[in-house]
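Trainee: I should like to learn how charged pairs, surface patches and cysteines are read from a set of coordinates. May we work through one case together?

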Amino acid sequence: LLVSKDLGKHLLEVEDLLQKHGLLEADISAQTERVQALNAAALKFSELEGYQPCDPQIICNRVNHVQTCLEELEELAAKRRKELEDSRQLWTFFQEMEEAEAWIREKEKILAAKTCGRDLSSVVTLTNKHKTMLGELGNRRALLHQTMKKGEKILAKKSFSSVGIQEKMREVCLRWKKLEEVTGLHQQRLEDALNFFQFSAETDDLVAWLQDTYRIVSSDDFGHDDYSTQALLRKHRAVVDEVEKHRASVLSLRKQLALLAPDHRQGVDVQIRVVEVEQLYGEVAEVAVLRTQWLQDALAVYRMFSEVHACEVWVDEKEQWLEKMEVPEELDEVEVVQHRFESLDQEMNSVMGRILDVNQVVQQLVDGGHPSSDEVRSCQDHLNSRWNRVVELVENKKGQLSSVLKIQNFLLEC
């Protein structure tokens, strides 16, 4: 049993042989105690004085022979254990290498699919799975490194043929190196796909924002009075600020496109998409400027109407006063009325300034092609007509006062 050359043909067989060898070693250990007890008892016969049933030398030779045989048996047992353990180490090495190869084959099949997802969500999922595989790759690399060290130790002992061990190590190393290369390429493809779909998602978000903003800035609601138009103008200015903030995002699209992988950036669809975004942004910015002008014009119109209304109220009041006023004939009363006309002149100068401002605003609106130019011009003409009427009444009353004063002065001189 101890000189057997059967060291097993695989790990399970070696483990079985080691288990059997352990039982044999236990038997040897038990027999060792028995032999030592028998030898001790036999040696007592060689030490007897007087009657000796056997020659002491024969007894000693017999004891030495048995002890030598036992020691040879123990040496053979130790030698076979070492051979079996070396065999177990060898087959453990081969099994670990086979497990490494099986793991490599499994990952090669996964990577051979070359799928990188069809949208951002699927790419993120695949990227997370790839990160998990990279963690597994790191752990497997450490295990493979330990297995390689075991192979080097086996080669250093020179207990077995080195050809099969070296061949297996070289084969697995080559497959591992190829796996790492394929893994790196797949990771790069995933990163390229992730960058592309992120770029596409950001572009889609930008397009959606621009479309919503275009609907806002192209609104035909310009308010119905001074207050509502001012509120719309404040909101629109906030929108214009947002449009300006997005200018950098639009301008950076081409730089981001240039950073994408060639397969992605050279696609016709993505290039057309970038051009569409740039055109849409240009339209939004242009319409936003126009709406700013339209709102300002609307605000100017409403303020002009308000100013016209205030002036016409004053004109109505003075027109009624002038039409009802009768020029007195008494000198004292004439002087009172004259003082009133002096105050009226100051008011008229003030109102005249406001009317000139109204005329200037009207001219700007008309020159700018405002859609309400006819209505504004009509309002201007009506105000100017009313103003001219008041001026005419004032001049008439002043003429009457002047005539009365001349008559009174003449009478006083007489």
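Mentor: The turns below take up salt bridges, then surface patches, then cysteines. Please keep in mind that this is a predicted model.

Trainee: How many salt bridges does a search of the whole structure find?

Mentor: The criterion is a side-chain nitrogen of Lys or Arg within 4 Å of a carboxyl oxygen of Asp or Glu. A search of the whole structure on that basis returns 22 salt bridges.

Trainee: Which residue meets arginine 81 in a salt bridge, and where do the two lie?

Mentor: The partner is glutamate 85, with an N to O distance of 3.3 Å between the side chains. Both residues belong to helix α2, where they are four residues apart, about one turn of the helix. Arginine 81 is partly exposed, because its relative accessibility is 25%. Glutamate 85 is likewise partly exposed, at 33%.

Trainee: Which parts of the chain does the salt bridge between glutamate 136 and lysine 107 link?

Mentor: Here the side chains meet at 3.0 Å, N to O. The pair links distant parts of the chain: glutamate 136 sits in helix α3 (residues 120–157) and lysine 107 in helix α2, 29 residues apart.

Trainee: Is lysine 107 buried or exposed?

Mentor: The cut-off for buried is under 20% relative accessible area. Lysine 107 has 8% relative accessibility, so this residue counts as buried. Its partner, glutamate 136, is partly exposed at 32%.

Trainee: What does the salt bridge between arginine 273 and aspartate 204 tie together?

Mentor: The closest N and O atoms of arginine 273 and aspartate 204 are 2.8 Å apart. Arginine 273 is in helix α9 (residues 268–324) and aspartate 204 is in helix α4 (residues 162–217), so the salt bridge ties together parts that are 69 residues apart in sequence. Both ends are partly exposed: arginine 273 has a relative accessible area of 29%, and aspartate 204 has 39%.

Trainee: Which residues are linked in a network of salt bridges?

Mentor: Such a network joins Asp316, Glu319, Arg386 and Arg389.

Trainee: Let us turn to the surface. Which residues gather in a patch of negative charge?

Mentor: A residue enters a patch if it has over 30% relative accessible area and no salt bridge. The negative patch on this surface consists of Glu71, Glu72, Glu74 and Glu75. Glutamate 74, one of these, is placed in helix α2 (residues 56–112). With 34% relative accessibility, glutamate 74 counts as partly exposed.

Trainee: Which residues form a nonpolar patch on the surface?

Mentor: Val3, Leu73 and Leu76 do, and together they have about 240 Å² of accessible area. Leucine 76 is in helix α2, and its relative accessible area of 32% makes this residue partly exposed.

Trainee: Finally, how many disulfides does the structure hold?

Mentor: A disulfide is a covalent bond between the sulfur atoms of two cysteines. In coordinates, the test is a pair of cysteine sulfur atoms within 2.5 Å. The structure holds zero disulfides.

Trainee: Which cysteine sulfur is nearest to that of cysteine 379?

Mentor: The nearest is the sulfur of cysteine 311, 9.8 Å away, and cysteine 379 is in no disulfide. Cysteine 379 is buried, with a relative accessible area of 17%. Cysteine 173, by contrast, counts as partly exposed at 39% relative accessibility.

Definitions and conventions: Residues are numbered from 1 along each chain as its sequence is written. This is a predicted model: local features need pLDDT of at least 70, side-chain atom pairs count only at pLDDT 80 or more; totals for chains, interfaces and linings use all residues. Side-chain values use heavy atoms; hydrogens and water are left out. Patches are made of residues with over 30% relative accessible area and no salt bridge: like charges are joined within 9 Å, nonpolar side chains (Val, Leu, Ile, Met, Phe, Trp, Tyr) within 5 Å. Accessible areas come from the Shrake-Rupley method with a 1.4 Å probe; for residues, only the protein chains shown count as cover. Lys and Arg count as positive and Asp and Glu as negative; His and the chain ends are not counted. The place of a charge is taken as NZ of Lys, CZ of Arg, CG of Asp or CD of Glu. Buried means under 20% relative accessible area, exposed over 50%, partly exposed in between (1.4 Å probe, protein chains only).
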